[in-house]
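Student: I have a new structure to read. Could you take me through it step by step?
Tutor: Gladly. Here it is.

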Amino acid sequence: QAAGEFHLKNDRRLRARLAYGVIGSGANQDSDYDGNNRTLEFSRSNNKAGGDVFDASIGFGKKLRLRDLSAGRSFYVTPLVGLSMHRQNLTMTDGIQTISAPPSTTPLGPLPGLASSYDAQWMGPWLGAEALVETERGWVMMANAEYHLADYSASANWNLRSDLVH
């Protein structure tokens with residue numbers, strides 16, 4: 001992850017963050033149910049999971065001094081507005097069918113050729129605020145809050161399901 005804050009003229013702030021992660025190993029359970037509230041499980045596979053994630057955010061605001069608390073201590077608030085984007089690319093491989101009851105017709109055991117994926121992304125604007133207290137010793141205490149609106153989209157490829165469009 002990398003983050004930076006740029007101090008512009010008139011106490012304006014520009015904040016940027018980038019993050020990338022790799023899912024090196026994990027486990028996934030895929031279950032299908034014939035009843036409400038996850039009842040009457042008729043199919044389960046346990047699989048290896050992997051993938052990667054990406055996050056980016058940029059925000060802009062103006063630092064406002066609200067008051068001096070005492071000698072050498074100040075309280076600031078920075079209202080912020082920004083835009084963020086997030087992605088998750090998830091994979092399932094090396095599957096084993098562990099439950100198979102009617103109406104499932106998948107035999108128990110290894111699932112040869114499993115290479116399913118689920119790719120999701122969401123982005124949108126956000127509003128936030130940052131509160132900051134500076135002490136006389138140079139310490140800084142900070143709290144940050146953000147409210148995000150997002151447009152979400154995803155695509156899945158369950159590669160062993162011939163009944164689904166690929």
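Student: How do the residues of the lining of the largest pocket divide into nonpolar, polar and charged?
Tutor: Keep in mind that this is a predicted model. To read a lining, sort its residues by class. Here the lining of the largest pocket has seven nonpolar, nine polar and three charged residues.

Student: How is empty space found at all?
Tutor: Rolling a probe the size of a water molecule over the atoms shows where empty space is left. In this case, the largest pocket has a volume of about 460 Å³. Its lining counts 19 residues. D30, D32, S43, T106 and R161 lie nearest the centre of that pocket.

Student: Which elements give two or more residues to the lining of the largest pocket?
Tutor: They are strand 2, strand 3, strand 5 and strand 6, the last covering residues 109–134. Strand 3 gives the most, with four residues.

Student: How many cavities of 30 Å³ or more does the structure hold?
Tutor: A pocket is open, while a cavity is a space the probe cannot get out of. The structure holds one cavity of 30 Å³ or more. The largest cavity encloses about 40 Å³ of space.

Student: Which residues line the largest cavity?
Tutor: The lining is made of E5, R13, R15, T78, L80 and E130. Strand 2 and strand 5 each supply at least two of these residues. By class, four are charged, one is polar and one is nonpolar.

Student: Let us step back to the whole chain. How many helices and strands are there in the protein chain?
Tutor: Start with a count of elements, then read their order. This chain has zero helices and eight strands. From the N terminus on, the order is β-β-β-β-β-β-β-β.

Student: What is the radius of gyration of the protein chain, set against a compact globule of 166 residues?
Tutor: The chain has 24 Å, whereas such a globule would have a radius near 15 Å. Now look at the extents. The C-alpha trace spans about 75 × 30 × 30 Å along its principal axes.

Student: What share of the 166 residues is buried?
Tutor: Buried residues make up 25% of the chain. Contacts tell another part of the story. Take those between residues at least 6 apart in sequence: 62% of them join residues at least 24 apart.

Student: Now the sheet pairing. In which sense do strand 2 and strand 3 run?
Tutor: For each pair, read the direction, then the number of bridges. Strand 2 (residues 12–35) and strand 3 (residues 39–62) run antiparallel, joined by 21 bridges. One example is L14, whose bridge partner in strand 3 is F60. The hairpin of these two strands has three residues between the strands. In this hairpin, N37 takes a positive phi near 55°.

Student: Over how many bridges do strand 3 and strand 5 pair?
Tutor: They pair over 18 bridges, in the antiparallel sense. S45 has Q97 of strand 5 as its bridge partner. Strand 5 is also joined to strand 6, by 23 bridges and again antiparallel. Q97 stands opposite G109 in strand 6.

Student: Where does strand 6 go from there?
Tutor: Follow its other pairings. Strand 6 pairs antiparallel with strand 7 (residues 140–148) over nine bridges. L127 stands opposite Y147 there. The hairpin of strand 6 and strand 7 has five residues between the strands, and G138 takes a positive phi near 90° in it. Strand 6 also pairs antiparallel with strand 8 (residues 151–157), over seven bridges. Y118 faces A156 in that pairing, standing opposite it.

Student: Let me try single residues. Why does G4 count as partly exposed?
Tutor: Buried means under 20% relative accessible area, and exposed means over 50%. G4 has 23% relative accessibility, so G4 counts as partly exposed. G4 lies in strand 1 (residues 2–7). Leaving out residues up to four places away in sequence, G4 touches L14, R15 and A16.

Student: And M123, which residues does M123 touch?
Tutor: With residues up to four places away in sequence not counted, M123 touches S84, M85, L149, A150 and D151. M123 sits in strand 6. M123 is partly exposed, with a relative accessible area of 39%.

Notes: Residues are numbered from 1 along each chain as its sequence is written. This is a predicted model: local features need pLDDT of at least 70, side-chain atom pairs count only at pLDDT 80 or more; totals for chains, interfaces and linings use all residues. Side-chain values use heavy atoms; hydrogens and water are left out. Buried means under 20% relative accessible area, exposed over 50%, partly exposed in between (1.4 Å probe, protein chains only). Contact means heavy atoms within 4.5 Å. Two strands pair if DSSP finds at least two bridges between them. On a 1 Å grid over the protein atoms alone, a cavity is a set of points where a 1.4 Å probe fits but cannot get out, and a pocket is an open set with protein on both sides within 12 Å along at least five of seven lines; lining residues have an atom within 4 Å of a point. Grid points are joined across faces, edges and corners, and a volume is the space filled by probe spheres set on the points. Ala, Val, Leu, Ile, Met, Phe, Trp, Tyr, Cys and Pro count as nonpolar, Asp, Glu, Lys and Arg as charged, and the others, Gly among them, as polar. The radius of gyration is taken over C-alpha atoms; the globule rule is 2.2 Å times the number of residues to the power 0.38.
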